[in-house]
Each structure stands twice: as C-alpha cells, then as structure tokens.
Amino acid sequence: MTSSRPRRVAFRTFGCRLNQYDSEAMRTLLEGDEGYETAAPGETADVYVINTCSVTARADASARKAIRRLRKEYPTAKLVVAGCYAQRAPEEIARLSGVALVLGTPDRARIVEEITAAESEIPRIAVSPVDAESDFLDVPVTDMLGHTRAVVKVQDGCNQDCSYCIIPQTRGHSVSREPQQVIEQVGVLVAGGYPEVVISGVHVGDYGLDLKDSAWDLPRLLRALLAVPGLERLRLSSIEPASINHELIDLMASDRRFARHFHIPLQSGSDSVLERMGRCYRAADFSELVERIAATIPDCGIGSDLICGFPGETEDDFEQTLERLRATPLSYLHAFPYSIRPGSPAEAFGDQVPGDIKKQRVRMAKRLVSEKNERFRRAQVGQRLRVLFEQVKGKGPSAGWSDNYLRVELPGETGITGMKEVEITGLSISGLTAIVC
C-alpha cells in the first residue's frame, strides 16, 4: 500500500438496507481526509470491507464464504469485517485467514484510524460494547453508489426484547438522528439526482422517542421530508405493527409521493408463539391493521416477515398462521426457517422443530402468499403506475419498481431510467409488463 496512486477500497455488503447505508457511511469516511478511492467494478482494491449481517446462521455462513473468496482472489489485500456478525462473534471472525481488522458496530466512526492501525500479521479486533454507542453516527452520505434510489437511516438500535433476536446486542438501544440532519441530507440527495428516498431504521417507528424535542415523531419527520423540493417519492422501510397509527396511514393515503407500501413483520399467526417470541401484539391486531390499511389506501403493497418453526411451534400453531395469511390482504411474504442466534433468549428454549419441518412450513407459507401476489398483480393490469426504472445489467429489458412495490418491465425497451408513468399491460413471471404512457 505504498503505491503513488490513491488507495482503493471496495465493499461487500450483506443483509438489510441499514447495512447498505452503513457501508455508504464508512465509504464516505474513507474517501474523506484519508483520500481513499472506491474501486470501480473490475478494479482491484487495497482494502475490502465486508459488512456483515447476523440475522440467521445462513447470513453468517455467507459472510464467511465471502471472506474466504476474497482472501483467495486478493491475497495481498487487507480484509476488514464489520457489521452485526463482527459485533457478535469477533474472535470467530478473527480466526479466518486474511482478516486484518474486525470492526464493531459502535466503532464504525473510527474506521480510518483502525485500518491504519491494523498493519501487523495479527488480526486487530476493534469491537466496543454496544453500550458505548449513545449517539447516532451522523455521516453526510451524499450518494449511494450503484443504486437508483437513496436509503437514509434515521434510527438505529432497538429497545424491544424479542426472544429470537440479537439486534439489541449488536446495535444497542434505540437512538434517533436529529431531524434537521435528516432533512438536509434528503435535500442533498434529491438535488444530486435521486428521485426516491427510502427511510430506514432498525425500529423506525421509534423515531423521536429519545430526542430532546419530544414533538418529533415519525409522521412529523415524514411530513417535513415530503416538503423537500424536488422529491418525487418517499418510501418507508419495514415498520413494526404497533408503530403504525391512523396519522401515518392517512399521510400515505393523502400524498401520492408517499409510496403505497408497508412492510409489517407478522412473524407468526399464533398468539402462543407470538408470546414466546416476546412480540408486543397479537395476530388479530396485525390482521385488523392490514385490513384498515387496505381499506384506506387502494392497491397498497403490503408485505410481511414470517419465522417458521420457532421452538415449540406445533402443527396447530402453524395452521393458525396459514389461516391468518389466507384471511389477510398481503401482496408478498418473506418467510424464513427459525435459526438459533447465539446469545438470544430463544437459544435456551426446548422443543426445537426439526429442520425438514421448518423448511416444509416455509414452502407452504410462500406458496399460499404467492397466489395472493398473483391476484394482486393481476388487479394492476390496465392501471397507470409511476415506476422508477433502474440501470439493468446485461441485455434485459428496462425494469424498475412501482410505488406499491411491484417489479415492472418494458418488453423490447432498453436503456430507460428514471421515474416514468406506465400503463400495465400484463404479468411477467414475478412482476408486471407495461408500456410508457
């Protein structure tokens, strides 16, 4: 790393939109006073930052696989492992060949100094307890490399104690970003050419609870962002059921720039399972909420998360979940087999469900909601939707996402980008086909 050219950094990001944003924040810090350059596709970097997720065992395995592949392909590069897996199991990661630095989630602000300090053959572990992070890490991210839409993180951490989850241990307690900083960043991103901004957080509905000015909550923040000149679309990332109130629903219904899209975790349709999970609602509450949204916001895309095979989940529990899914107007579902997370309360639970049964339940749930998804897509045929078209790799047709979270393609059209109004002409394998109006 003594070349006269600027040092190059590249990122490999796993997991949620929060991790995408965190990678951009670390990239911004590295490109600051230290003068790193982000490697272009195909270029070799001096430093590779692997920003990990640890929501499931599969996520951990994907990160290890990436670390081994990068070590093999770039044996002289410095490998930096950050994110939730790094915070949860730093010693485990440090034992992997080629890892120079393990960086904890509270330590992201020191990435430049820690990379500089990680020069020896012995892996450096810079992982502080999450309790040490009491403030929001505010980095002026001005672009999202390789993305058509921008993600803005407004909240981090979680105060809930779901028994299957380790986010409180890896990201700490809930902390909100100052509203003026959010508003200013959205203004910069919109001025920089991003027509859509996605508002994200670990528990985004808790926004404002820790701020000195208690008048700020999520609906007030969203209203302020909708007033940013030039913003074409505002989208909300995953939000807990208890955080969605009439004010938020009415705001989405009243402003066409607020994407008609809610992602609301259900996790189980059985009240006994929800209680063991430590969730703060019951299945009927979820259904009533989704019904209210569907009645207030026509053609709203409503998705959910489901954990199949939580410890002690019986056949009757799962049948209750399927009945809940049948009766609820969802447009898509992310279903996962339960994965033991070391350090979570559920790690000690008995009555583990066999792996083959968990996988079977995932397939059943996905198949049920896929039929709902097809009906939802079919109902869009003949309608006009606003679609944000993205750069498409390869020779495929131009494609993008509607405000109600449907993938839309333009058969025979290539090179179309940006926000366009289209007329839906039919269904593709998993989305819609359209023509530009």
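How many salt bridges does the structure hold? In this predicted model the count is 33, and the tour below visits several of them after a look at a sheet and before a look at the cysteines.

**The sheet**

Begin by selecting the six strands of the open sheet, which follow the order β2-β1-β3-β4-β5-β6 with parallel pairing. Colour β2 (37–38) and β6 (124–126) separately, since these are the edge strands, each pairing on one side only. Next, select β1, residues 8–13, which pairs with β2 in the parallel sense over two bridges; within that pairing, Val-9 has Thr-38 of β2 as its bridge partner. Then add helix α1, residues 17–30, which lies across β1, β2, β3 (47–52), β4 (78–83) and β5 (99–103), and runs at about 170° to β1.

**Two salt bridges to inspect**

Select Arg-88 and Asp-60, whose side chains meet in a salt bridge at 2.8 Å, N to O. Arg-88 belongs to helix α3 (residues 84–88) and Asp-60 to helix α2 (residues 57–73), so this pair ties together parts that are 28 residues apart in sequence. Of the two partners, Arg-88 counts as partly exposed at 21% relative accessibility, whereas Asp-60 is buried, with a relative accessible area of 3%.

Move on to Asp-107 and Arg-110, which form a salt bridge whose closest N and O atoms are 3.0 Å apart. Here Asp-107 is buried, its relative accessible area being 0%, while Arg-110, at 33% relative accessibility, counts as partly exposed.

**A network of charged side chains**

Now select Arg-233 and Glu-196, whose side chains meet in a salt bridge of 3.0 Å, N to O. This pair links distant parts of the chain, with Arg-233 in strand β10 (residues 233–236) and Glu-196 in strand β9 (residues 196–201), 37 residues apart. Both Arg-233 and Glu-196 are buried. Extend the selection to Arg-149, Arg-235, Glu-390 and Arg-407, which are joined with Glu-196 and Arg-233 into one network by salt bridges that share partners.

**The cysteines**

Finish with the cysteine sulfurs, bearing in mind that a search of the whole structure finds zero disulfides. Cys-165 is in no disulfide, and the nearest cysteine sulfur, that of Cys-162, is 6.1 Å away. For Cys-280, which is likewise in no disulfide, the nearest cysteine sulfur is also that of Cys-162, at 7.3 Å. With the surface displayed, look again at Cys-280, which is exposed, with a relative accessible area of 51%.

Note on methods
Residues are numbered from 1 along each chain as its sequence is written. This is a predicted model: local features need pLDDT of at least 70, side-chain atom pairs count only at pLDDT 80 or more; totals for chains, interfaces and linings use all residues. Side-chain values use heavy atoms; hydrogens and water are left out. Two strands pair if DSSP finds at least two bridges between them. Helices (H or I, at least four residues) and strands (E, at least two) are DSSP runs, numbered from the N terminus. Contact means heavy atoms within 4.5 Å. Axes are lines fitted to C-alpha atoms, for helices over the stretch in contact, and angles run from 0 to 180 degrees between N-to-C directions. A disulfide is a pair of cysteine sulfur atoms within 2.5 Å. Buried means under 20% relative accessible area, exposed over 50%, partly exposed in between (1.4 Å probe, protein chains only). A salt bridge is a side-chain nitrogen of Lys or Arg within 4 Å of a carboxyl oxygen of Asp or Glu.
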